[in-house]
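This report looks at local packing, enclosed space and backbone geometry. The sequence and structure come first.

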Amino acid sequence: MKITVVGTGYVGLVTGACLAEMGNDVLCLDVNPEKIRILQEGGVPIHEPGLDKVIASNVAAGRLHFTTDVDKAVAFGTAQFIAVGTPPDEDGSADLQYVIEAARSIGRRMTEYKVVIDKSTVPVGTADKVRAAIAEELSIRGAAIGYSVVSNPEFLKEGSAVEDFMKPDRIVVGADDERGINLMKSLYAPFQRNHDKLVLMDVRSAELTKYAANAMLATRISFMNELALLAEKLGADIELVRHGIGSDPRIGYHFLYAGCGYGGSCFPKDVKALIHSGEEAGQTLRVLKAVEDANDAQKRVLAEKICERFGEDLTGKRFAVWGLAFKPNTDDMREATSRVLINDLLAKGATVAAYDPVAREEAQRVFGDMPGLTLSRSQTEVLRDADALVVVTEWKEFRCPDFDEVKQLLQTPVVFDGRNLYEPRELKALGFEHYPIGR
């Protein structure tokens, strides 16, 4: 099948590369010439484990191509995936200008039947707007050309997106006509040879499914974070509580880890967008408002613990931060807890030395030359003469450090464990002050 993917961001690149891996002929379009230049020269503009190899092998096989030529891209694929950004507007709603413009570009240029597939995370009703935009452009041209609009939300986890796409647990397709449904069935047949994973539904239900999934996961995280704060006050251990409730098959263990707040490009944005959609429909989503408030507060818990230990005035204090990305295996710092923590510490007079295995360049872009902040290439160098270590991201290399070396390099043996990586009794036995979340 010939496929066009509009947008070479996180979702677009993974989608294009994985569809090419299954033998399809894929052309990825982006209006950003720098992104296309990097891709055409063999680079990858985002960090995602395994993606570089999939891209390289399919480019070499002649199945994956990149372009800034909109005319070429619209003419190329029968299937036209829209995978552009939907950043939050000031009111929290998803900004659909790039989605609608992509649809208009297709409507202006198409000369034969197309299936236009919304891959971007979009609010309920977006497919109707995409359909209307294409219809308007065809009407202006006086062209009577058939097309289908399909919702096919992505369920990719940063850090394991390639595996998620290649081995999906479900494939949600929202479509209203047989021709569009049949094309999607053909497209995804290679991904579900073991058993049928296709979940067919109407377009609006598919659009809501994506938001509902992310909102549910965000709710579980915030719920456990709230319980963790309560556990500290009651003298309970949230890790033991997690095992106790997770063993119930109705609850399960996933997304029950207490920590210092969620971030990234999906959960914060999608929770806001769903709350806004509810307000527009006249339905207040009280639980999700609480989820959002709880997460905003949780991102400040580490700084609060630091101030309880060292005082509100942190002038002259130096803190080592391990982890800048919002989660492991990515360089994504959107809505990351590290951003809130570092700003809070600097505002109270402290200096910060931070390390992340892959997000250093992104941190340089985010923070610039911020006074008081040093971005290091060494996990151990940041510890030197620091008053405490603060663990923010649960990278594997942080799980089993040389604690003798850590203790030797720190001014004081204090660890603020924002992801509960370490056992409190073990650190206490090693002579550390250990401040986890909810333990």
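## A buried threonine

Thr-337 counts as buried, because its relative accessibility is 3% and the cut-off for buried is under 20%. The model is a predicted one. Thr-337 belongs to helix α14, which covers residues 337-347.

What does Thr-337 touch, leaving aside residues up to four places away in sequence? The contacts are Cys-260, Gly-261, Lys-299, Val-392 and Arg-419. Two of these residues also meet the threonine side chain through backbone oxygens. The backbone oxygen of Cys-260 lies 2.9 Å from a polar atom of the Thr-337 side chain. For the backbone oxygen of Gly-261, the distance to a polar atom of that side chain is 3.4 Å.

## The largest cavity

The search covered the whole structure and found two cavities of 30 Å³ or more. The largest cavity has a volume of about 50 Å³. Its lining consists of Tyr-262, Pro-268, Lys-272, Glu-292, Asn-295, Asp-296, Lys-299 and Glu-335. Two elements give two or more residues each: α11 (267-280) and α12 (286-298). Helix α12 supplies the largest share, three residues.

How does this lining divide by class? Five residues are charged, two are nonpolar and one is polar. Lys-299 links this section to the last one: it lines the largest cavity and touches Thr-337.

## The second largest cavity

The second largest cavity holds about 40 Å³ of space. Asp-118, Ser-120, Thr-121, Val-122, Ser-151, Pro-153, Ala-206, Glu-207 and Lys-210 line it. Which helix gives the most to this lining? Helix α9 (residues 203-234) does, with three residues. By class, the lining has three nonpolar, three polar and three charged residues.

## Helix α10 and its buried face

Helix α10 runs over residues 238-246. Its buried residues are Ile-238, Glu-239, Arg-242 and Gly-246. Seen down the helix axis, they fall within an arc of 105 degrees, so they line one face of α10. These buried residues pack against α9. Helix α9 therefore appears twice here: as the packing partner of α10 and as the main contributor to the lining of the second largest cavity.

The N-terminal end of α10 is capped by Asp-237. A side-chain oxygen of Asp-237 lies 2.9 Å from the backbone nitrogen of Glu-239. Glu-239 is itself among the buried residues of the helix.

## Positive phi in two loops

Two loop residues deserve a check of their backbone angles. Phe-255 sits in the loop between α10 and α11. Its phi is near 60 degrees, a positive value in a residue other than glycine. Is Phe-255 buried, partly exposed or exposed? Phe-255 is partly exposed, with a relative accessible area of 29%.

Asp-385 lies in the loop between β11 (373-376) and β12 (388-391). Phi of Asp-385 is near 65 degrees, again positive in a residue other than glycine. Asp-385 is partly exposed, at a relative accessible area of 46%.

Conventions
Residues numbered from 1 in each chain as written. Predicted model: local features only at pLDDT ≥ 70, side-chain atom pairs only at ≥ 80, totals over all residues. Heavy atoms only, no water. 1 Å grid on protein atoms, 1.4 Å probe; cavity = no way out; pocket = protein on both sides within 12 Å on 5 of 7 lines; lining within 4 Å. Points joined across faces, edges and corners; volume = space filled by probe spheres on them. Helix = DSSP H or I, 4+ residues; strand = E, 2+ residues; numbered from the N terminus. Nonpolar A, V, L, I, M, F, W, Y, C, P; charged D, E, K, R; others polar. Buried < 20%, exposed > 50% of the residue type's maximum accessible area, 1.4 Å probe, protein only. Arc of directions from axis to C-beta. Contact = heavy atoms within 4.5 Å. Polar contact = N/O pair within 3.5 Å; in protein donor to acceptor, adjacent residues only side chain to side chain.
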